[in-house]
Amino acid sequence: KLCMAVVLVHGLIGPGGQLAKRVVPGWTYFHQVEKRLREKHKLRTLSVVLGRGSPEERAPRLLDQIHAWPERQPGERVSLIGHSQGGLDARWAISQLNGADLAHQLITLGTPHHGSSLCDSFVSPTLHRLPRLADALKRANIQTDAARWLSRSYVEGEFNPRCPDALNVTYRSLAGVRHSRLEYWAPFMATNAVLSRAEGENDGLVSVQSAKWGDFLGTYELDHIEMINFPLKPHRSPPWAMWDDVARLCVSPCP
């Protein structure tokens with residue numbers, strides 16, 4: 001018997017995602033990814049919608065939606081694929097909420113498993129120094145409190161110690177990287193430079209070192225937003241080689 005049920009777990013939906021919702025008909029976070037997984041790889045897919053919040057807040061919503069998914073067979077354990085914060089949401093659900101009963105593997109894409117120094121050294125200090133900016137961003141529905149729970153100090157100091165891996169779940173991870181700053185999505189050019197100095201190679205928001213968790217599958221020539229086929233990046237590289245590799249890992253004998 002093969003396990004072919006896949007649950008896609010989104011990260012933060014920032015200003016770019018909010019704009020894409022308005023200007024791209026039918027835009028979803030994993031843009032055209034579900035279609036490829038279903039049609040080419042014959043996988044059953046669920047793309048959850050978790051809304052705003054920390055991993056601890058979003059993880060119960062993730063499990064609720066898996067329980068309610070009519071395509072999941074009774075007792076079937078799924079493959080979770082988490083992009084960015086979605087990987088932390090899934091880890092919390094597995095470790096702290098008995099999610100191992102529902103998932104047999106987690107594959108993370110550009111997830112800050114060790115936090116991002118952008119939050120510690122840039123975002124949080126800037127918002128602290130400029131409270132009017134912080135208020136304006138909140139009024140614009142931009143989730144500024146994520147800077148705390150995605151910081152290196154929080155993820156390494158609090159989240160990881162409280163979130164041990166489940167022994168009966170396989171953990172895999174991969175990262176994105178670009179080798180020319182001009183290849184990054186324009187908003188990531190500056191963050192890539194800051195992160196390169198602090199942590200080395202990165203996808204514009206998450207370093208390769210931070211993205212490693214469990215069995216590390218390597219890097220792909222993609223920035224953070226290209227991983228999800230974000231439609232508003234001009235001349236973006238299609239991420240299908242990465243997704244085809246991931247899909248093949250999701251067709252396996254059920255444990």
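**Figure 1. Strand 4 and strand 5 sit side by side in this predicted model.** In this pair, L80 has L106 in strand 5 as its bridge partner. A little further along, G82 stands opposite T108, which also belongs to strand 5. Altogether, six bridges join strand 4 (residues 78–83) to strand 5 (residues 103–109), and the two run parallel. As with every view here, you are looking at a predicted model.

**Figure 2. Strand 4 has a partner on its other side too, namely strand 2.** Strand 2 and strand 4 pair in the parallel sense, with four bridges between them. If you want one pair to look for, try L8, whose bridge partner in strand 4 is I81. Now ask yourself: are the faces of strand 4 covered or open? Both are covered, with V78, L80 and G82 buried on one side, and S79, I81 and H83 buried on the other. Six of the six residues of strand 4 are buried, so the strand is largely enclosed by the rest of the structure.

**Figure 3. Step back a little, and the strands join into an open sheet.** Six strands take part, in the order 3-2-4-5-6-7, and their pairing is parallel. Which strands form the edges? They are strand 3 (44–47) and strand 7 (215–220), each of which pairs on one side only. From one strand to the next, the twist averages 20 degrees. Helix 11 (residues 240–249) packs on this sheet, where it touches strand 2 (5–9), strand 4, strand 5, strand 6 (170–176) and strand 7. The direction of helix 11 makes about 165 degrees with that of strand 5.

**Figure 4. Here is helix 11 again, this time with its buried residues in view.** Look for W240, M242, W243, D244, V246 and A247, which are the buried residues of helix 11. What covers them? The cover includes helix 2 (33–39), along with strand 2, strand 4, strand 5, strand 6 and strand 7.

**Figure 5. T108 makes a good stopping point in strand 5.** T108 is found in strand 5, and its relative accessible area is 2%, under the 20% cut-off, so T108 counts as buried. Which residues does T108 contact, leaving aside its neighbours within four places in sequence? They are G82, G87, H113, R172, S173, L174 and A211. With H113 there is also a polar contact of 2.9 Å, made from side chain to side chain. Find I81 as well: T108 and I81 are 27 residues apart in sequence, yet their C-alpha atoms are 5.7 Å apart in space.

**Figure 6. Helix 4 lets you check a helix length for yourself.** Helix 4 covers residues 85–96, which makes 12 residues. The expected span is 1.5 Å times one less than the number of residues. For helix 4 this gives 16 Å, and its end C-alpha atoms are 16 Å apart, so the two values agree. How many residues of helix 4 are buried? The number is 10 of 12, so the helix is mostly covered. Among the buried ones are Q85, G86, G87, L88 and W92. After the helix comes N98, whose phi is positive, near 60 degrees.

**Figure 7. E56 reaches across to several other residues.** E56 lies in helix 3 (residues 55–67). Not counting residues up to four places away in sequence, E56 touches W92, Y154, F159 and R162. W92 may look familiar, as one of the buried residues of helix 4. With Y154, the side chain of E56 makes a polar contact of 2.4 Å.

**Figure 8. Two cysteines can be found beneath the surface.** At 0% relative accessibility, C250 is under the 20% cut-off and therefore counts as buried. C163 is buried too, with a relative accessible area of 2%. A disulfide is a covalent bond between the sulfur atoms of two cysteines. How many disulfides does the model have? The count comes to zero.

**Figure 9. The last view takes in the whole protein chain.** The chain has 11 helices and eight strands. Of its 255 residues, 55% count as buried. Among the contacts with a separation of 6 or more, residues 24 or more positions apart account for 75%.

Key:
Residues are numbered from 1 along each chain as its sequence is written. This is a predicted model: local features need pLDDT of at least 70, side-chain atom pairs count only at pLDDT 80 or more; totals for chains, interfaces and linings use all residues. Side-chain values use heavy atoms; hydrogens and water are left out. Two strands pair if DSSP finds at least two bridges between them. Axes are lines fitted to C-alpha atoms, for helices over the stretch in contact, and angles run from 0 to 180 degrees between N-to-C directions. Contact means heavy atoms within 4.5 Å. A polar contact is a pair of N or O atoms within 3.5 Å; within protein, one must be able to donate a hydrogen and the other to accept it, and residues adjacent in sequence count only if both atoms are side-chain atoms. Buried means under 20% relative accessible area, exposed over 50%, partly exposed in between (1.4 Å probe, protein chains only). A disulfide is a pair of cysteine sulfur atoms within 2.5 Å.
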